[in-house]
There are 4 protein chains.
Amino acid sequence: MKSRLNVGVIGLGRLGRVYAEDLARYVSNASLVAVADNRADVAASFAQEYGVPKWYECHRDLLNDEDVAAVAVITPTSTHKEVVIEAAGRGKAIFCEKPISLSIADATEMLDAVEHSGAFFQMGFQRRFDTGYIEAKHKIDAGVIGTPVLIALISRDPFAPPLEFCDPKASGGLILDMGIHDFDLARMFVGEVKTVYATGGALAYPEMKSVGDIDNAVVNLTFENGSLGVVQLSRNAVFGYDIRTEIWGTKGSLQIGYFRHTPVLVMTKEGIAHDVVPHFMQRFEEAYLMQIQDFVHNALNGGEPSISGTDGIAALQIGFAATESWREGRPVAVRYENGQAKAP
Amino acid sequence: MKSRLNVGVIGLGRLGRVYAEDLARYVSNASLVAVADNRADVAASFAQEYGVPKWYECHRDLLNDEDVAAVAVITPTSTHKEVVIEAAGRGKAIFCEKPISLSIADATEMLDAVEHSGAFFQMGFQRRFDTGYIEAKHKIDAGVIGTPVLIALISRDPFAPPLEFCDPKASGGLILDMGIHDFDLARMFVGEVKTVYATGGALAYPEMKSVGDIDNAVVNLTFENGSLGVVQLSRNAVFGYDIRTEIWGTKGSLQIGYFRHTPVLVMTKEGIAHDVVPHFMQRFEEAYLMQIQDFVHNALNGGEPSISGTDGIAALQIGFAATESWREGRPVAVRYENGQAKAP
Amino acid sequence: MKSRLNVGVIGLGRLGRVYAEDLARYVSNASLVAVADNRADVAASFAQEYGVPKWYECHRDLLNDEDVAAVAVITPTSTHKEVVIEAAGRGKAIFCEKPISLSIADATEMLDAVEHSGAFFQMGFQRRFDTGYIEAKHKIDAGVIGTPVLIALISRDPFAPPLEFCDPKASGGLILDMGIHDFDLARMFVGEVKTVYATGGALAYPEMKSVGDIDNAVVNLTFENGSLGVVQLSRNAVFGYDIRTEIWGTKGSLQIGYFRHTPVLVMTKEGIAHDVVPHFMQRFEEAYLMQIQDFVHNALNGGEPSISGTDGIAALQIGFAATESWREGRPVAVRYENGQAKAP
Amino acid sequence: MKSRLNVGVIGLGRLGRVYAEDLARYVSNASLVAVADNRADVAASFAQEYGVPKWYECHRDLLNDEDVAAVAVITPTSTHKEVVIEAAGRGKAIFCEKPISLSIADATEMLDAVEHSGAFFQMGFQRRFDTGYIEAKHKIDAGVIGTPVLIALISRDPFAPPLEFCDPKASGGLILDMGIHDFDLARMFVGEVKTVYATGGALAYPEMKSVGDIDNAVVNLTFENGSLGVVQLSRNAVFGYDIRTEIWGTKGSLQIGYFRHTPVLVMTKEGIAHDVVPHFMQRFEEAYLMQIQDFVHNALNGGEPSISGTDGIAALQIGFAATESWREGRPVAVRYENGQAKAP
């Protein structure tokens with residue numbers, strides 16, 4: 001019988017519940033031994049529903065629990081620093097949901113603490129575990145499209161978050177908040193980004209101007225290897241969730257992503273229509289599971305993390321540079337070298 | 001905490017292993033407490049790998065195990081009768097993979113034993129649990145296409161089984177073996193079938209004639225409510241697994257099924273190509289899990305089976321009639337009424 | 001400068017006008033020198049609009065016109081015999097729209113007259129000139145799919161004709177009227193049909209029963225070379241015009257036909273939808289032009305007709321046999337050999 | 001009978017021959033009365049093949065021909081100025097293929113001459129006459145997608161031109177040469193462009209650096225009304241010709257363009273593949289015809305040109321600004337107001 005990893009989940013928001021449920025039910029070599037949420041009733045009822053032995057109101061109590069060998073940190077981004085540094089101090093293996101932080105300085109401090117403690121640390125960027133992206137990576141590595149020269153990425157939400165969640169100080173703003181997945185994929189498929197240029201506006205939801213955010217953006221990327229990239233971000237894909245990537249190489253190209261949800265086509269007098277992917281959970285449900293399984297596997301087997309803290313900082317750095325570019329109307333150099341953040 | 005169902009799996013062939021793995025890992029309210037296979041080493045190694053407490057060489061020993069409340073019967077069809085009748089005698093809840101039997105008389109005897117014992121019995125037809133088919137059923141029930149008047153079903157395998165598995169005495173022959181899924185779907189979507197007419201031939205693999213089987217068939221269906229149906233079956237979809245259904249109604253129509261596997265399109269000098277579904281396991285992996293979860297749920301909660309033994313016999317009866325039609329070159333009446341098999 | 005063919009068009013109904021306009025404007029080596037329609041005003045106004053030098057009320061006057069070297073016969077089917085025999089007697093090259101006749105005896109008499117006169121005679125089956133079908137034929141001839149073993153054809157209209165046009169005595173009934181195109185394609189792609197079996201019903205428009213016609217049919221084909229075929233016909237593709245063909249071979253398969261009209265996808269809150277082909281004219285507009293160009297080319301150059309009168313009879317014979325099969329509920333042998341109609 | 005326009009075509013290169021053939025054969029209210037090409041044998045043999053009454057070696061002789069009422073100017077861009085100004089002086093109606101010129105000053109001089117002469121002048125941008133784009137424009141005008149806020153355009157060629165045709169002094173360079181169609185569409189769908197930012201590189205054909213051109217570019221657009229745009233250009237769509245446009249609005253979006261050429265899907269052991277559009281002539285053949293028909297119609301009826309000289313300059317100005325942006329690595333303001341070019 002295989003060894004199992006005892007995991008605690010900190011933060012039971014929408015996404016935290018997904019990871020906790022995956023760990024409770026579907027990850028065969030993990031045991032969900034504890035959950036923590038500062039809303040005690042949420043933690044208690046989740047524990048009861050899923051048969052989790054222990055629940056805590058304070059994350060610190062979970063971190064002090066000797067039964068817990070690993071933690072998934074799914075709390076608001078602003079608390080990542082505190083929780084991760086404490087978890088590292090307790091020697092827990094750590095899974096940290098993106099973005100690692102909204103501050104390069106904080107993120108660097110977190111990774112220093114992790115390195116000092118020797119704790120296992122893996123970032124969350126679930127798209128890397130999606131069947132489509134995995135298959136695309138295999139095909140590129142196999143030389144199917146030659147050398148990639150241009151990557152075009154699209155992320156569109158079906159609606160804007162409520163205005164109170166759009167404050168860029170908390171969310172990082174559209175470009176960072178939505179684009180960070182695309183910036184991470186761009187690095188995975190093509191390499192490090194050298195400079196960015198972004199345009200944007202509050203075009204579909206003008207009320208966003210009141211909080212200083214936008215709802216549409218186009219971000220140009222120039223890679224250190226000379227390749228090109230472009231990211232389109234928007235909140236007005238009113239029909240559903242639109243995630244697509246194209247990678248163009250010297251010998252061919254790949255298109256990843258589609259609009260259909262179920263393989264059902266409906267043909268009526270109104271025309272021919274097919275289902276769409278409503279939002280990110282329907283699109284990436286399986287990828288979230290694959291990702292947490294991968295973390296458990298790596299933490300158990302002492303391997304390298306599939307996505308490192310440095311990856312977390314690198315994507316963040318691109319997002320900051322792009323946001324700055326949008327604000328200032330000029331191209332901006334991304335301040336890191338080989339994935340290492342540089343002081344501004 | 002919910003109650004759990006203790007399940008034993010009998011038969012660890014390709015499909016038996018799928019169900020057993022699903023029960024061991026992914027069905028939260030089930031415990032896989034025992035497996036049985038007449039190849040002792042297969043049973044032992046599976047039990048070890050998946051942490052199953054007990055394994056048996058003889059299905060009878062598993063049926064005698066008091067810890068086992070329910071069994072999944074995934075043995076060769078020719079043994080279904082013996083295993084199911086014994087399981088019913090032991091009061092186990094029973095999940096029986098399709099086809100229920102290759103004999104109406106045997107199947108009737110099985111269902112009589114089940115009824116007499118009061119055991120819970122559910123047939124396996126996994127397509128009913130596929131996302132696409134579920135969604136289609138919902139849309140039809142919601143009136144989206146009006147009244148269905150024609151159903152067209154397609155099942156194509158990427159290759160023929162080895163000749164030794166094509167003996168119609170064991171497999172039932174192409175029309176029954178492949179078509180039974182389509183006959184079941186036809187009943188689910190449209191209703192009872194009144195008459196059938198079938199044509200067929202060993203056209204892509206002429207060597208099949210030596211064992212008396214064919215590799216292509218077209219089966220016309222006439223339903224008791226006057227609707228029409230047509231089923232295409234073949235073994236020469238050389239590119240992959242091709243499962244499609246179209247349902248045409250008075251106000252619209254539905255198309256279920258597609259060729260793509262991952263959402264990746266590859267564009268090279270050779271043209272534009274996309275991945276395909278290689279075979280049934282890739283197409284219906286999730287449906288198999290949904291199906292066994294559904295069985296566990298129904299067995300625990302004492303409800304009606306989602307697919308009854310009568311459903312199992314009805315699909316079989318259509319397959320027999322179609323095979324007879326092919327052999328004799330004339331339309332044949334399906335000998336059941338309201339899902340009840342009639343004596344020939 | 002190339003020689004030109006002086007053509008007259010007889011019959012200016014919907015389709016006759018299409019051919020006449022094509023000849024007037026787009027067929028470079030033809031001159032439309034005369035039109036005839038028994039509605040004098042229709043003939044006169046068409047001639048004026050398109051600059052046609054002469055118009056006639058009676059087809060016989062057009063046939064007597066020495067300037068006319070060739071005629072396109074687009075009159076009601078019931079008049080084909082009279083017009084074609086007279087045209088042959090006058091030595092005109094003849095293009096005859098499908099169906100050649102609603103009587104094998106009449107059609108045979110027509111072809112005898114044509115043969116006796118030595119006139120050039122070409123049947124109209126425009127689908128043979130559609131880009132998709134041409135490309136498919138090339139690929140099959142090039143061996144891309146090996147030997148064809150099954151052909152599946154679909155023709156669906158978006159609505160039923162007015163009841164007064166559904167009288168099978170005039171239209172031939174659904175199976176003949178709609179299916180004749182598919183029967184012709186089946187012969188072109190696979191070979192001669194040996195037996196047919198058909199089911200059908202007035203399912204979407206029950207009022208059709210009053211005139212003795214149906215709105216849905218499924219026709220099984222068995223070819224003389226052992227291959228299989230199936231044709232689906234219906235009048236209730238409420239979203240538009242649905243023409244599809246699949247040809248399955250020993251090494252691959254081809255799918256011809258699609259739902260989209262323009263390459264525009266519309267994505268709104270109601271979902272994702274695309275345009276459809278409204279009806280046959282939008283689908284086959286270009287094929288009609290290609291077909292009449294082909295006739296002009298062949299008539300000028302004295303070659304073999306692309307589609308012969310024998311082809312016209314063969315498709316008709318399949319339609320009759322299938323209609324008989326539907327009426328009598330049994331498989332029916334198609335009474336021709338190598339495209340030659342046999343006496344019943 | 002309608003009046004006809006006597007047209008002369010100047011320049012019988014690849015595209016000139018297309019227009020000339022369209023005028024000779026398919027444009028019903030035009031007569032192709034003369035062609036001119038400085039390769040006398042080309043002009044003579046075209047005239048003979050298509051029955052054109054007169055041919056000239058020198059465009060000036062054609063312009064002096066009193067029978068010629070209108071000219072299509074399809075000569076190399078560098079000669080547009082001379083030919084158009086002379087044609088205007090002769091009072092001919094003028095159709096001018098894109099780009100109008102490679103110099104804003106020259107183009108302005110041309111339009112001044114046209115205005116002074118009162119000649120009818122229409123620019124060529126054939127995509128505006130493509131079925132897909134026309135349909136999209138109708139849907140936007142009908143409010144189907146609300147207010148457009150972002151336009152994303154893609155143009156990819158299947159290969160690079162020979163190096164000797166890549167000299168940016170003659171071609172304008174990738175961004176201008178390929179992008180001008182997209183800049184024109186951007187203006188048609190969204191409005192005037194305010195600033196541009198471009199990145200690019202010789203990534204798939206490094207030898208292009210030797211002539212100072214590139215093979216990939218991404219151009220960001222900011223419109224005067226605040227909307228956003230992005231244009232992707234490349235020469236390495238090795239599978240075929242890739243022209244796509246997406247327009248995202250406040251209430252929905254439109255996708256125009258697709259990869260398939262014929263509606264044939266080929267399924268073999270190598271996978272599932274479909275035909276593609278090889279190059280621009282196959283994609284826009286019909287649009288070229290529609291465009292020249294539209295010119296003839298407008299010239300005959302004295303209406304406004306569908307695409308004005310000002311449109312020609314505006315697209316050119318965007319191309320110059322984007323090229324400058326690429327060279328200098330900074331955003332560049334487009335120097336025109338309301339379609340009027342401003343002095344730099």
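Guide: Copies are superposed by least squares on the C-alpha atoms of residues with pLDDT of at least 70 in both. This is a predicted model, in which local features need pLDDT of at least 70, side-chain atom pairs count only at pLDDT 80 or more, and totals for chains, interfaces and linings use all residues. Residues are numbered from 1 along each chain as its sequence is written.

Visitor: How do you know that chain A and chain D are related as by a two-fold rotation axis?

Guide: A turn of 180° with a shift of 0.0 Å along the axis lays chain A on chain D, at an RMSD of 0.0 Å. The two copies are therefore related as by a two-fold rotation axis. In chain A, R330(A) has the C-alpha nearest that axis, at 3.2 Å.

Visitor: What makes strand 1 and strand 4 of chain D a pair?

Guide: Strands are DSSP runs of E, at least two residues long, numbered from the N terminus. Two of them pair if DSSP finds at least two bridges between them. Strand 1 (residues 5-10) and strand 4 (residues 70-73) of chain D have 4 bridges, in the parallel sense, so they meet the definition. I10(D) stands opposite V73(D) in strand 4 of chain D.

Visitor: Why are strand 3 and strand 6 of chain D said to stand at the edges?

Guide: The open sheet of 6 strands in chain D has the order 3-2-1-4-5-6, with parallel pairing. Strand 3 (54-56) and strand 6 (121-124) each have a single partner strand, so one side of each is left without a neighbour in the sheet.

Notes: Chains are lettered from A and ligands numbered from 1 in the order in which they are written. Side-chain values use heavy atoms; hydrogens and water are left out.
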